[in-house]
Structures are given as C-alpha cells and as structure tokens.
Amino acid sequence: MTTRSARSSTARLLFSFCTASISPAPQTSRAALLTGNFHLRYFSAGSSAAARLGEEKEAWWKESLQKIRNIGISAHIDSGKTTLTERILYYTGRIRKIHEVRGRDGIGAKMDSMDLEREKGITIQSAATYCSWNDYQVNIIDTPGHVDFTIEVERALHVLDGAVLVLCCVGGVQSQSITVDRQMRRYEVPRIAFINKLDRMGADPWKVLNQARTKLRHHTAAVQIPIGLEDDFKGLIDLVNMKAYYFHGSNGENVVTEDIPADLEASALEKRRELIEAVSEVDDQLAEAFLSDEPILAANLEEAIRRVTVARKFIPVFMGSAIKNKGVQPLLDGVLSYLPSPTEVSNYALDQTKNEEKVELSGSPAGPLVALAFKLEEGQFGQLTYLRIYEGVIKKGDFITNVNTGKKVKVPRLVRMHSNEKEDIQQAHAGQIVAVFGVDCASGDTFTDGSVKYTMTSMSVPEPVMSLAISPVSKDSGGNFSKALNRFQKEDPTFRVGLDAESGQTIISGMGELHLEVYVERMRREYKVDAIVGKPRVNFRETITQRVEFDYLHKKQSGGAGQYGRVIGYMEPLPPGYGTKFEFENNLIGQAISPGFVPAIEKGFKEAVNSGSLIGHPVENIRIVLTDGASHAVDSSELAFKMAAIYAFRKFYEAAKPVILEPVMMVELKFPMEFQGTVTGDISKRKGLIVGNDQEGDDLGVLNAHVPLNNMFGYSTALRSMTQGKGEFTMEYLEHSQVATEVQTQLVNSYKATKSVD
C-alpha cells in the first residue's frame, strides 16, 4: 500500500509540474526534468532518467484514464432509466436516500432537477452526474427518452464512450428503443443492455432478448439469468463467474454471493454455453479455446466479452429490477468490465486550417487542450457550460480559445456537476466531463489552448427549412420573449430568429414542424411566455433558368442635383453544385463607370436578389456580370447606381424564365408490414418519390422517400392514424428542387392575392 500511495503522490507532483507553463528557452537537465519538458536533445548524462520519468508520467496518465467511464443511459419512455440512475447514485454513495421518479414523496428523483420533470415523471433535459464505483470514476448522462433533433443527438453521443440501453421486460423493444439504438449505431457507441422490471406481471426476459436480436439486429446473449420472475423474482445468476447473487437490506445494498441453486444449475450451464458460443462467433481467441474443448475460465470469458463489446461486435445483456433494488450493482460491475475507457475510443476532430480534415485525437492529457461544449444551462450565476475534454488539461484561471468564434476567454470557475449541484475543482484532464461558469459560448463550440484550430463537430450547419411568425400574447412579457429566443439560438445552431421586413413580425426558423413546436412549448414552460404562432411557412427559393442581357438607365431630375446611372450586362444561372449562391462579376473595360461606383452596383444587385418577383422569396444560383454602362459628371452618385442595379434586376428578371425551388426532405419510415400499402399510397399522394423499400426482421417495413416539405405538414398525426400508432418517421433536409408547373402557378397566384389585399 505504501508503494502505491508514494507512486501516486509522485505522479500527482508530476502532474502539477507538467501542466505548468513551459518556457521555450533551452533549460538545464534538472529544470527540464522538473517541468516535464522531455526534449531528449537537451540531455546527455541524465537522458535515461528523464526517459524513465517520462514513461512513468505516461503510465500514470493511462492508468488514471483507464479508471474513467463516460456513459449514457437511454431507453424508450417509461422503461425506468431515471429510476435506475437513482439506484446507481445511491449504491455509489452519491445520495443518502432513494426518491421515486414521480415525486410521490414530494421530492422526486435526483436526476430530474426541473420542477416540470418531477411533476410529469419524465426527463426533459439531459442531466450529468458522476460517481465512484470500485475506484473507478463513472460520468453518467441521463438522456431524455424522446430525442428529436439530429444536431443535439450528435452532440450528446459525441460525449459518451459507452451506453446502457434499458429495455422493459414487459413492453420489450418499443419504437423509441429502436430510434435510440439506431442513433447509437450511427455514432458507433459501444453498449450493454439492461432488461429492467423483472418483478412486473408478464415479465419475459427471453422474449425481449429475441426481440433485440430480430428488431434491433443485435448480436447478443445474456450474461445473467433471473432466479424467479414477477413476484417470485429473488436474485440473479452470473453466467461468467457461475455464482448466484441475492440483494438484502432495506434498499438491496447488501449483495450476498452464494452457490447456484441446484434446480437452476442445468439451465445456467446451458445459458453459459449459449453465451460462449455467441462470443466465439466474433472473437477468434475464445473460439479457439471453445473449439478445442478447453474449459473456459471466468477471467478469459470476461476478457473476450470486453474485447467484442468495445469493438461493437457484441452486446452483453444484464437483468434486474431497479424499483425493487435488484441487479443494479452487477450492472455497475458490467459497466467497468465491458464498456470502454476514454483511451479505448477513437475520437476525431476536424482541422479547420486544412479544410475540415479528420484528425485522430490521442486522448492524452499531455496533448493540446481540445474540449467540446455539449450543453448549456442558465444558472443563477450566469451561463453554465458543460465540457467534455478530449485532450489536454484545463485549469481554473486558464485562458482558452473558442475555435468557432476566435475569442479568447478566461475560465473563472471550474466545477464537477451532480445533477443541479456543483462541486468546485481546480483542474480537469482528458476524458473528464466538467462544467465552467461565465464562459460565453454556443452549444457545439470547441475550445482549445490556442495552439491548434480543431473543432469536434462540423462548422457547416444545415439551413433552416421552415419558418413561423411568432409574437408574445402579452406586451409585458417582451423581455422574457427576447431572452428565450436568444438562449435557444445559442443552444441550437439550427434554430434562427429574424424579422419580416414587410410585416415587422418576428420569424423563427428551424428544421421542421416538431422542432419549432418544442421551442414554442419550452418558451411557455421555462420563460412563462405564451406566444401566438402563425401558420408554418416553407422557405421557398427562386432561381433563373436562362441567360438574359440587361441595359437599364436610371434617370431622375427633380430640381437641383438629379440621379443618373446606366448599367449594361447580363445575368445567367450558376451551374449545379456551384459553391456560392450569388456571384457578381465586374467586366468593365475603360472608364464608362467610375470604379468608385462599382461596389454600389454590386450592393444594389445583392439587395435585389433578396426578394424575387414570383413569390417574394430570395433568388439563388445566379451570376450577374457588369460589362458596360454610362455615368454623368454631376448627377451620378452611389445611390443612383445602386437604384439602377435594383431596377435593372426587377425589369429583366421575368425574361430570365424564373422558377420556384422548394425544400425536399429525405424521409425514412418504419411501420409494421401490414400497413405497407396504405403508407406507400399516402407518400405517392404527397408527391413523394420512393427511393428505397426494405424490411427489418419479419414484420417491420422500411421506406425511404424524397418528399416536398410543403406536403409533410401534420404527417406525424396522419402516420399514427394509418398505422394504429405503430409507425414512426424521421425527416432531414435533402435539397431545394424545382416545383411542378401547376404548383408554381398556384403559389404565384396566392402571393399576388395577398399582395393585392395588403
């Protein structure tokens, strides 16, 4: 024990030396050794000692990082994941008393820190906490059961190294379980499964296990079997160590290990063989031992399960009942044994100096600081920003650089979060999840120490596809209304706020109907602002289809100095896939127009393309080339040429055969096969183009289609009624494409009608 503590104190001493700022000037051997600046070229006689010290420092970091787990707990709504987290916090000593989710005791679960969450018994926001189990630090993100927005999901899953997928022993694999699992697969998150509620009437873990294999396509097997079910559920049998576990004490805190009951021995051996077979299929080392009929030791089996789980080839299944305090401690052991540490997961950053080239991060605290702001909260002391550190070290008082904005900020306070409570710390290193106060940033921003320009997520954000006019019911709540809109924009880069120049209304834009609905609801709940919402409006665009020459003279004489400006040139459509949406080219030869007026002409054209004459939406994919013109010695001015450009565009735009472009969505539908005809027919009615038709398992149809967004309003309700509530769909922006002629005529006529009313 003495050696261990001595070693860790040396390591800590090293840590404080190594994170100190290092002068670039050459140092003496001794100074370099103390600062941890191991450039071996400065050494002669002491080089082997320095190398040894460097290795010890590296070994300590690795050992420290191997004892960290960053996990998420996710599931279908009401599968018991917040209840499970509550038990984990209790057994790890983070809380003294267990409280139930729906707040029957008037307090509510620890992780549901919003009042609304406690009232409704659901998780609305992600909460973050940490705990210690067997000398390991476990950071837990308790995620909401309803995940709607790709950009937020991406951020949450960026932060996790592993996950626990909770399944209900009665409900089995439900729609949201499929969605959550699909997201984890997309972002390559290793996971273990926990079948909860074994005490419930009708509990059948083997049915759920088979559903996981068929519906989720998991390569999976149980690592435990239950001792009894429903009211007779007493404990669990561990198939790796072949031991029985019983949970005694008022809250199941005393785990008693006994021999397997005689009547369950045969069943346990059979299920253990099934487990070994399943792991052998994806692990060559275990397969070799299994095929040569060697006895499989518990340690070898555990190592094999860990290898294939971290490699995402296998998902071990645990069992229990969180509400009855059974099976939670073995699940915690499973998190440590089978889920990866930060060093075992490959994290990639995008190098902004090399056109977003992918760079693999070492995950070492010795590297430059790279941290992602994945969640923002408004606290009583200002904005609280949750950070996941991928590389390097962050200390209180440090200056860090926000790569997305280029701003340098100081870290005034660094805390470790436990739901809504905070614990001050002085520093944190790679692999940890911490929070900082007083750092102004948006969700998804990346912080570095300034030596590298990496971002953890792409800086290109999809354009919003839908808009709503919104205004507060009461004029008194204008302040909170503005505050809410500002905060939501910071949290979510796909949420935009603008002002309609004609009507003066506030317009919110986002990625779809549900996206905007949720923000309107959050405004009501979190900021107590009731809002009047207009009809959803699709963000159409206009473009031209042929080249047209223009020659326009703007002349105005009204006594005194007049206005005179003549512009000559042509406008043409840009080729498909061209990088920019508007291009202005100055091809003037000679001094027909003074060079000082050219920026005003460009400004005029830029202003003109903001509103096309068909339906008043912006014009894109257009190139305007100025070839000639004329000016007057007295009457020409910047304003005259700007007006000439605007009127030239309006006059000749019609001749360029303009068309309307509408946003088209990539829609993925999942529904029971019995409803295939109805669903396919409905998509065709909505002018959808079916691009893929597949089947998952025996009874789940998967349909991919490109559908105009304008035809997708109210689709969630329609799909529910068509499929008896069993269908689900996801929708993301694909492109803007030309509308049909009859649709264009209809849109133009309705635009003209509203203009004439105005």
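# A tour of the sheet, its helices and selected side chains

Begin by selecting strand S31 and strand S32 (residues 563-573): 9 bridges join the two, which run antiparallel. The model on display is a predicted one. For a single rung of this pairing, pick His 554, whose bridge partner in S32 is Gly 565.

**The whole sheet**

Now extend the selection to the 4 strands of the open sheet, which follow the order S31-S32-S34-S33 with mixed pairing. Its edges are strand S31 (548-556) and strand S33 (582-586), each of which pairs on one side only. Ignoring direction, neighbouring strands here are turned by 25° against each other on average.

Moving across from S32, one comes to S34; these two strands pair in the antiparallel sense over 8 bridges. Val 567 may serve as a marker, as its bridge partner in S34 is Gly 629. On to S33: its pairing with S34 is in the parallel sense, over 5 bridges. Here Glu 583 stands opposite Arg 623 of S34. Colouring S34 by accessibility shows a mostly covered strand, with 7 of its 9 residues buried.

**Helices on the sheet**

Next, display helix H15 (residues 598-608), which packs on the sheet and touches S31, S32, S33 and strand S34 (622-630). The direction of H15 makes about 155° with that of S33. Then add helix H16 (residues 638-653), which also packs on the sheet and touches S31, S32 and S34. The direction of H16 makes about 40° with that of S32.

**Aromatic rings and charges**

Select the aromatic side chains; the structure holds 13 aromatic pairs. Zoom in on Phe 488 and Tyr 519, whose ring centres are 5.0 Å apart; their planes meet at 40°, so the pair is tilted. This pair links distant parts of the chain, since Phe 488 lies in helix H13 (residues 478-491) and Tyr 519 in helix H14 (residues 513-527), 31 residues apart. Phe 488 counts as buried because its relative accessibility is 0%. Tyr 519 is likewise buried, with a relative accessible area of 1%. Add Phe 495 and Tyr 527 to the selection to see one aromatic cluster, formed by these two residues with Phe 488 and Tyr 519.

Two rings with a charge above them come next. The charged end of Arg 547 sits over the ring of Tyr 570, 3.6 Å from its centre. At Tyr 348, the charged end of Lys 358 sits over the ring, 4.8 Å from its centre.

**Helix H10**

Go to helix H10 (residues 284-291) and show Leu 286, Ala 287, Ala 289 and Phe 290, its buried residues. Turn the view to look down the axis of H10: these buried residues fall within an arc of 165°, so they line one face of the helix. They pack against helix H9 (265-280) and helix H11 (298-310). On the other side of H10, the exposed residues are Asp 284, Gln 285, Glu 288 and Leu 291. Following H10 is Asp 293, with a positive phi near 55°.

**A buried aspartate**

Finally, select Asp 181 in helix H7 (residues 175-186). Is Asp 181 buried or exposed? Its relative accessibility is 1%, so Asp 181 counts as buried. Which residues are in contact with Asp 181, leaving aside its neighbours within four places in sequence? They are Leu 165, Arg 191, Leu 216 and His 218.

Conventions. Residues numbered from 1 in each chain as written. Predicted model: local features only at pLDDT ≥ 70, side-chain atom pairs only at ≥ 80, totals over all residues. Heavy atoms only, no water. Phe/Tyr/Trp six-rings, centres within 6.5 Å; stacked < 30°, edge-to-face > 60°. Buried < 20%, exposed > 50% of the residue type's maximum accessible area, 1.4 Å probe, protein only. Lys NZ or Arg CZ within 6 Å of the ring centre and 35° of its normal. Pairing = 2+ DSSP bridges. Axes fitted to C-alpha atoms, helices over the stretch in contact; angles between N-to-C directions. Contact = heavy atoms within 4.5 Å. Arc of directions from axis to C-beta.
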